[in-house]
There are 2 protein chains.
Amino acid sequence: MIEQLSLNVWTTKNWSLAEAVAGCVEQGVPGIGLWRDKVAEHGLDAAAKLVRDAGLTVTSLCRGGFFTSPDWLADNHAAVDECVALGTNVLVLVVGGLYRGSKDLPAARAAVTDGIAELAPYAERRGVKLAIEPLHPMFCADRAVVSTLGQALDIADEVAVRTGCRNVGVCIDTYHIWWDPDVFKQIERAGAGDRIHAFQVCDFLLPIPADALLGRGHVGDGVIDVAAFARAVQATGYKGFTEVEIFNQEIWDTPGEQTLRTVIDRHTQLFADLD
Amino acid sequence: MIEQLSLNVWTTKNWSLAEAVAGCVEQGVPGIGLWRDKVAEHGLDAAAKLVRDAGLTVTSLCRGGFFTSPDWLADNHAAVDECVALGTNVLVLVVGGLYRGSKDLPAARAAVTDGIAELAPYAERRGVKLAIEPLHPMFCADRAVVSTLGQALDIADEVAVRTGCRNVGVCIDTYHIWWDPDVFKQIERAGAGDRIHAFQVCDFLLPIPADALLGRGHVGDGVIDVAAFARAVQATGYKGFTEVEIFNQEIWDTPGEQTLRTVIDRHTQLFADLD
């Protein structure tokens, strides 16, 4: 199943974009998930040419969102435009946390729905799908007030009602949602509406490290039954890529070639176990 | 509202049980939440006499649970018996994580429901209520596979159906559930069934510390709108105590008298703001 594997460039953080693209070509990985910072380092047009010439599929761009920050609209328009330039039709949304200095979670959540409703028509006109990514509740205050898949789908429903746009769906990342008692029902719901715009995998490690963002591991190294999620996503008829996105200092300190080999091995093992 | 305030003994961790009891009496705090380790240090019968002679209400005993551990049944029977000895009718259940070496979350969750169904009749005969405490999803793998209030209430419903027991409810702790988009609806549901057996407050601090267990703060120092929770719990008709349970190294390093004064100040402020 390597033909459906995508390397998210933050997994090999110490690789430049050019190195990541070369690594994927060398090891036969056909997909790449991009982040705007790495694209900006390389230059947008040059990055677009680089991945196109390499024959890679850009499976997603991270990230739009942060709807509770000033200037969110201009920044999200720019993110949509970058998707178009890079030849990907999926923008991942990390929706943002509480307003600075505020404890009003309902207000922040309302701002997210309003922001996505504002952004969706622009993105739809440009052929870009918005993938709301629920983040683990430990990031609720500072990164994403959307914490569950059900909540993300409720927002997508609401935006569809308000705008008529059908381009809002979800990014399913095993790390963030594995604990949710309702998650398999919600994966089915997402799939039935054809709203799984991205599927990202990695594992949840214990203990949670000092920087809580970095507690992700290679598939198989943590506590998540990742196969159950791959199976559930497949069962909805999802035919897209599986993107491997890992934030982990030890993995970042490992040579990129070696990390990518591990990613491929684990991915191959995962999908072999499914059959 | 100090007449409804309870000090959980782990908030002043460096105080012995005798010191905590004396502190409560000295500063006029009428309730105390006990942990089994501190009770054992003092001796069960002596501890029971100590709090009784001091005229304190024991608002809860922590903890039963850990249904995926060996010997859970004997340990939970002992915990129920200790409740009776200490004169409290509330046993808080921290339900436990995955089975050792397992990634089977549904199996662990089934074990929790089965375990509570096994324990509930014994506890009911002894006049003890079981308070299932959903823990923050960051503790799902190693401490509690029950992550939301809705899930805890579903388990209580299921146990009631299976056993006919009506003594299973929840412990609502703001730290663990503040992020849940469904939480206010579930608080209402818990209250309507008279199943709020304990209400614990503290705040959620950022950044999450190196030991993720210790990221709790005094009410007002973090990101939670604690007043919204106090109001929601009150609105259900809950007339019980508000117990302050904080795990935080800096607070533990502060003299107990001072910590207790801060607890009282924040509590008084919180309930003044509600009126």
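**Exercise 1. The contact between the chains**

Determine how many residues each chain gives to the contact between chain A and chain B in this predicted model, and how the side of chain A divides by class.

*Solution.* Counting on both sides, one finds that chain A supplies 23 residues to the contact and chain B supplies 23 residues. Sorting the residues on the side of chain A that touches chain B then gives 15 nonpolar, four polar and four charged. Finally, comparing the two sides shows that 100% of the interface residues of chain A are also interface residues in chain B, so the copies meet through the same surface.

**Exercise 2. The relation between the copies**

Find the rotation and the shift that superpose chain A on chain B, and state what kind of axis relates the copies.

*Solution.* The superposition of chain A on chain B needs a rotation of 180° with a shift of 0.0 Å along its axis, and it leaves an RMSD of 0.0 Å. The two copies are therefore related as by a two-fold rotation axis. To locate that axis with respect to chain A, one looks for the nearest C-alpha, which belongs to A:Ala210 and lies 2.0 Å from the axis.

**Exercise 3. The barrel of chain B**

Describe the order and pairing of the strands in the barrel of chain B, and then follow the pairing of β2(B) with β3(B) down to a single bridge.

*Solution.* The barrel is closed and has eight strands, in the order β1-β2-β3-β4-β5-β6-β7-β10, with parallel pairing. Neighbouring strands of this sheet are turned against each other by 30° on average, if direction is ignored. Within it, strand β2 of chain B (residues 31-35) runs parallel to strand β3 of chain B (residues 57-65), and five bridges join them. At the level of residues, B:Trp35 has B:Cys62 in β3(B) as its bridge partner. B:Cys62 is also joined to B:Arg63 by a cis peptide bond, with omega about 0°, and B:Arg63 is itself found in strand β3 of chain B. As a last step, one can place a helix against the strands: α11 of chain B (residues 256-274) lies across β1 (5-8) and β10 (242-244) of chain B, and runs at about 145° to β1(B).

**Exercise 4. Two helix pairs**

Characterise the packing of α5(B) with α6(B) and of α9(A) with α11(A) by angle, axis distance, handedness and residues in contact.

*Solution.* Two packed helices are described by the angle between their axes and the distance between the axes. For α5 (residues 105-125) and α6 (residues 149-163) of chain B, the angle is about 55° and the axes are 9 Å apart. These two helices are therefore oblique to each other, and their crossing is right-handed. The residues that meet include B:Ile116 and B:Ala120 in α5(B) and B:Ile155 and B:Val159 in α6(B); by class, this contact has seven nonpolar, two polar and two charged residues.

For α9 (residues 226-235) and α11 (residues 256-274) of chain A, the angle is about 65° and the axes are 10 Å apart. The crossing of α9(A) with α11(A) is right-handed. Among the residues that meet are A:Ala230 and A:Arg231 in α9(A) and A:Phe271 and A:Asp273 in α11(A), and the contact divides into six nonpolar, one polar and two charged residues.

**Exercise 5. Backbone details in loops**

Locate the cis peptide bond from B:Leu206 to B:Pro207 and the positive phi of A:Phe66 in their loops.

*Solution.* The bond from B:Leu206 to B:Pro207 is cis, with omega near -5°, and B:Pro207 is found in the loop between β8 (203-204) and β9 (216-217) of chain B. In chain A, A:Phe66 has a positive phi of about 45° although it is not a glycine, and A:Phe66 lies in the loop between β3 (57-65) and α4 (72-86).

Definitions and conventions: Residues are numbered from 1 along each chain as its sequence is written. Chains are lettered from A and ligands numbered from 1 in the order in which they are written. This is a predicted model: local features need pLDDT of at least 70, side-chain atom pairs count only at pLDDT 80 or more; totals for chains, interfaces and linings use all residues. Two residues are in contact if their C-beta atoms, placed from the backbone, lie within 7 Å. Ala, Val, Leu, Ile, Met, Phe, Trp, Tyr, Cys and Pro count as nonpolar, Asp, Glu, Lys and Arg as charged, and the others, Gly among them, as polar. Copies are superposed by least squares on the C-alpha atoms of residues with pLDDT of at least 70 in both. Axes are lines fitted to C-alpha atoms, for helices over the stretch in contact, and angles run from 0 to 180 degrees between N-to-C directions. Helices (H or I, at least four residues) and strands (E, at least two) are DSSP runs, numbered from the N terminus. Angles under 35 degrees count as roughly parallel, over 145 as roughly antiparallel, 65 to 115 as roughly perpendicular and the rest as oblique. A crossing is left-handed if the near helix is turned anticlockwise from the far one by less than a right angle, and right-handed if clockwise. Two strands pair if DSSP finds at least two bridges between them.
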